[in-house]
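Student: I should like to learn how the packing of helices is read from a model. Might we take one pair as a worked case?

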Amino acid sequence: MSKGIEENTQRNAERNAEQHAEQNGLATVPQIEALADQLSVCADQIHARVMKNIKAHNGGPVGDAEQATARALLDDELLLRQRANSLYADAATYVVKTLGKPQQHVMELTAAAAEKIRRIAMLGDVVGLVGGLLSLAGAAATGQPVPILAALDKIRSHVKAVQADMPKKAPAKPA
Amino acid sequence: MTSRHRLPALFALCISVLLGGCATTSISLQEVRDFADQSAKLGGYAELSTRFRDTYAREQLYLPPAAERIGKETDVKRRAVYDDFGSAQKAVVLYMQTLSLLAGDARYDLTDKLDDLGNGIKANVESGLEQKHVLAYTGMTRLLTRVIASGYQGRSVETMVRDGDRDLQTLLEAMLTLTRFYAKTNENEKKTILGIFEVEIPFATRPQDRMLVTLAKVHYLNKSAEYKILDKRYELALQGLTKVSLGHQKLRENLANLRGEEIRNILASYVRDLQAIRTGLSANPN
């Protein structure tokens with residue numbers, strides 16, 4: 001009798017664990033789509049940031065080092081777009097992938113990253129942040145929690161570090 | 001005694017009501033028929049499915065090595081599920097064709113179309129659709145088999161719409177979701193291809209780059225015009241699927257009164273919208 005109850009309890013616990021994993025995971029089509037959307041937004045921000053830098057030269061020549069940075073960021077942007085499109089294909093095939101962190105958290109972090117890319121003053125600082133995003137996008141594709149958690153930490157520390165660099169108030173626009 | 005006497009009279013009354021209903025049905029359901037016809041002919045989805053499948057072939061030349069590797073992996077995923085994208089649409093089209101026949105008086109043989117549906121969606125995780133979509137597809141196939149195989153006997157527009165609405169809506173929802181993914185994938189493709197030129201053209205400032213810059217600018221303009229047309233097509237395809245879904249929902253809500261002025265006007269306006277969408281889709285064929 002009590003054995004039956006025990007088995008039942010265990011089965012319930014397993015079921016709860018499964019449900020829990022689903023709630024915290026990137027397990028449904030809308031969730032996969034939302035991450036892909038967010039990665040696309042980050043790619044848009046990288047592009048806008050690079051273009052802003054180029055336009056600041058007013059058609060004049062752009063230094064070699066700056067060109068190299070812009071090209072590296074362009075490569076990263078394209079990589080993020082491929083990651084996003086890969087997730088759209090996943091969503092279309094409904095391959096279940098598990099993110100070890102609550103979905104909400106992932107969304108907040110990537111949204112914060114997109115906002116930072118838009119506002120960072122130095123192009124070099126963008127590069128570091130984008131590195132973290134790319135690790136996240138790559139880890140999400142594997143569905144393995146450990147690299148995903150590591151990537152999330154990396155983004156979090158970059159978002160924080162960049163915040164420290166930024167002035168409290170936006171400075172008056174230089175003439 | 002009296003009740004036994006009344007029974008045949010009641011029967012006769014029922015039959016005359018039924019026959020009367022049938023007789024008016026075939027004349028006055030023109031709007032239902034037009035709506036079903038337009039829904040069956042709705043374009044865009046199939047073409048955009050194919051375009052989604054072929055994304056990598058278009059992007060390949062533009063991608064740096066790391067991005068190209070991911071693009072290639074995604075290409076395999078897209079190709080694996082492409083067939084399933086079409087199955088949902090086939091079921092919806094056959095449903096609308098059948099509905100059109102029920103609402104009209106002409107008779108065609110649709111039985112050969114059923115074979116097409118039989119080997120439809122792969123019901124497993126590899127499939128392009130969620131489990132509920134697979135169930136809807138199976139339900140729809142069963143309904144159509146019953147209706148078509150019975151030679152429409154004893155079937156009316158009302159029962160078909162009542163039995164079919166839930167599965168039809170689920171299939172349309174799947175098609176809408178997939179079309180949204182096609183559009184978003186296309187958006188990233190567009191921004192990839194145009195973005196490269198936006199960054200590289202301003203860097204090419206040496207005199208010997210002039211010819212290259214000119215060619216790049218021409219290519220950029222062509223591509224950006226091409227994508228502008230495509231954006232419109234995704235939008236029209238989504239609009240069309242939404243109209244079909246809403247129209248059928250209206251049918252379902254007004255089953256008791258399909259001959260009413262209001263529902264006929266609503267359906268007529270959907271028919272006009274669907275016609276306009278079709279015209280828009282054929283105006284700029286890809």
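Tutor: We begin with the general idea. Angles under 35 degrees count as roughly parallel, over 145 as roughly antiparallel, 65 to 115 as roughly perpendicular, and the rest as oblique. Please bear in mind that this is a predicted model.

Student: At roughly what angle do the axes of helix 3 and helix 8 of chain B cross?

Tutor: The axes of helix 3 (residues 45–53) and helix 8 (residues 157–203) of chain B cross at roughly 45 degrees and come within 10 Å. Helix 3 of chain B and helix 8 of chain B are therefore oblique to each other. The crossing of helix 3 of chain B past helix 8 of chain B is left-handed.

Student: Which residues make the contact?

Tutor: Helix 3 of chain B contributes B:Tyr45, B:Leu48, B:Ser49, B:Arg51 and B:Phe52, while helix 8 of chain B contributes B:Met175, B:Thr179, B:Tyr182 and B:Thr185. By class, the residues of this contact are five nonpolar, three polar and one charged.

Student: How many helices and strands does chain B have?

Tutor: Chain B has 10 helices and zero strands. Of its 286 residues, 35% count as buried.

Student: How many residues does each chain bring to the contact between chain B and chain A?

Tutor: Chain B brings 32 residues and chain A brings 28. On the side of chain B that touches chain A, helix 5 (65–103) and helix 8 each supply at least two residues. Helix 8 of chain B gives the largest share of that side, 14 residues. The residues of that side comprise 14 nonpolar, 10 polar and eight charged.

Note on methods:
Residues are numbered from 1 along each chain as its sequence is written. Chains are lettered from A and ligands numbered from 1 in the order in which they are written. This is a predicted model: local features need pLDDT of at least 70, side-chain atom pairs count only at pLDDT 80 or more; totals for chains, interfaces and linings use all residues. Axes are lines fitted to C-alpha atoms, for helices over the stretch in contact, and angles run from 0 to 180 degrees between N-to-C directions. Helices (H or I, at least four residues) and strands (E, at least two) are DSSP runs, numbered from the N terminus. A crossing is left-handed if the near helix is turned anticlockwise from the far one by less than a right angle, and right-handed if clockwise. Two residues are in contact if their C-beta atoms, placed from the backbone, lie within 7 Å. Ala, Val, Leu, Ile, Met, Phe, Trp, Tyr, Cys and Pro count as nonpolar, Asp, Glu, Lys and Arg as charged, and the others, Gly among them, as polar. A residue is buried if 20 or more other C-beta atoms lie within 10 Å of its own, exposed if 12 or fewer, and partly exposed in between; C-beta atoms are placed from the backbone.
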